[in-house]
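This briefing covers surface, fold and charged side chains, in that order. Please read it alongside the sequence and the model.

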Amino acid sequence: MTTKKGTFIVIDGGEGSGTTTVAKEIVQKFGWGAVYTREPGGSPYAEKIRELVLSDDAKTSDVETQFALFWAARRDHIKKTIAPALAEGKVVICDRFDSSTYAYQLIAQEQVQLIELFWKIREHFLGEYVPNVYVLLDVSPETGIARAKGRNEDLNHFDKRKIDFHKSVNKGLKEFVITKAEHGSVVDAEQPLEKVIEDTMVIVQERLTQ
Ligand code: TMP
């Protein structure tokens, strides 16, 4: 892999928290010096895995299988998209990352036996590509789900889960971003979109000047 020069920012949040809109807006504000990417996906091969893990067929396999697929996609994404962009000195804004695996596969699906494996794989697969900061767009599961349902888009099998699942996702994301990640910040995503973007931008700028 190439050596990192740029800055790697992750924006994560529960369903309906606005990660995609906020990540794309931040990239637009930076212009050519920044790239938007997303997980699952972000490279041609990883986008194929995205189709698999978000399809209803994913429900026929167990959480271990899904956990492995999310990590496989992430490894390809790092090698093909994230590492080259960072080597060029770009600001990489990634819509979801391993914080989502921690929250959706481990905490929300009660797979505590996978936690140790998670950290081992993380160390090996991420190597020097540990994000410089994780920004959590914090929204109550009730608000988030209502927003997600209000959009005219197909809901994936995670979106369709019961409210308790989304509450656990929220708990897992907070646990990861506040207590486990190397650098994490929380933005109140119940605020108007413009303010959410502004608050996120402040955190990103702070990381860039450190
Ligand atoms: P979205 O990014 O369009 O919301 O869809 C991605 C879905 O995949 C979302 O429901 C969260 C889920 N997810 C996981 O369960 N584990 C992961 O590691 C990632 C990156 C996403």
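The protein exposes about 10100 Å² of accessible area, computed by the Shrake-Rupley method with a 1.4 Å probe, with only the protein chains shown counting as cover for residues. Carbon and sulfur atoms supply 51% of that exposed area. The model is predicted: local features need pLDDT of at least 70 and side-chain atom pairs count only at pLDDT 80 or more, while totals for chains, interfaces and linings use all residues. Residues are numbered from 1 along each chain as its sequence is written, and side-chain values use heavy atoms, with hydrogens and water left out.

**Fold and packing**

- The protein has 8 helices and 5 strands, taken as DSSP runs numbered from the N terminus (helices: H or I, at least four residues; strands: E, at least two).
- Read from the N terminus, the order of elements is β-α-β-α-α-β-α-α-β-α-α-β-α.
- The radius of gyration is 16 Å, which agrees with the value near 17 Å for a compact globule of 210 residues; the radius is taken over C-alpha atoms, and the globule rule is 2.2 Å times the number of residues to the power 0.38.
- Along the principal axes, the C-alpha atoms fill a box of roughly 40 × 40 × 30 Å.
- Of the 210 residues, 51% are buried (buried is under 20% relative accessible area, exposed over 50%, partly exposed in between; 1.4 Å probe, protein chains only).
- Among contacts with a separation of 6 or more, 80% are between residues 24 or more positions apart (contact: heavy atoms within 4.5 Å).

**Charge**

- There are 28 positive and 32 negative side chains, and the centres of the two sets lie 2 Å apart.
- Lys and Arg count as positive and Asp and Glu as negative, without His and the chain ends; each charge is placed at NZ of Lys, CZ of Arg, CG of Asp or CD of Glu.

**Salt bridges**

- The count is 12 salt bridges (a side-chain nitrogen of Lys or Arg within 4 Å of a carboxyl oxygen of Asp or Glu).
- Lysine 90 pairs with glutamate 88 at 2.9 Å between the closest N and O atoms; lysine 90 is buried at 17%, whereas glutamate 88 is exposed at 57%.
- Aspartate 138 and lysine 174 form a salt bridge at 3.4 Å, N to O. This pair links strand β4 (residues 133-138), which holds aspartate 138, to helix α7 (residues 163-180), which holds lysine 174, 36 residues apart. Aspartate 138 is buried at 18%, and lysine 174 is partly exposed at 30%.
- Aspartate 199 and lysine 195 meet at 2.7 Å, N to O. Both lie in helix α8 (residues 193-208), 4 residues apart, about one turn of the helix.
- Asp12, Glu15 and Arg96 are joined into one network by salt bridges that share partners.
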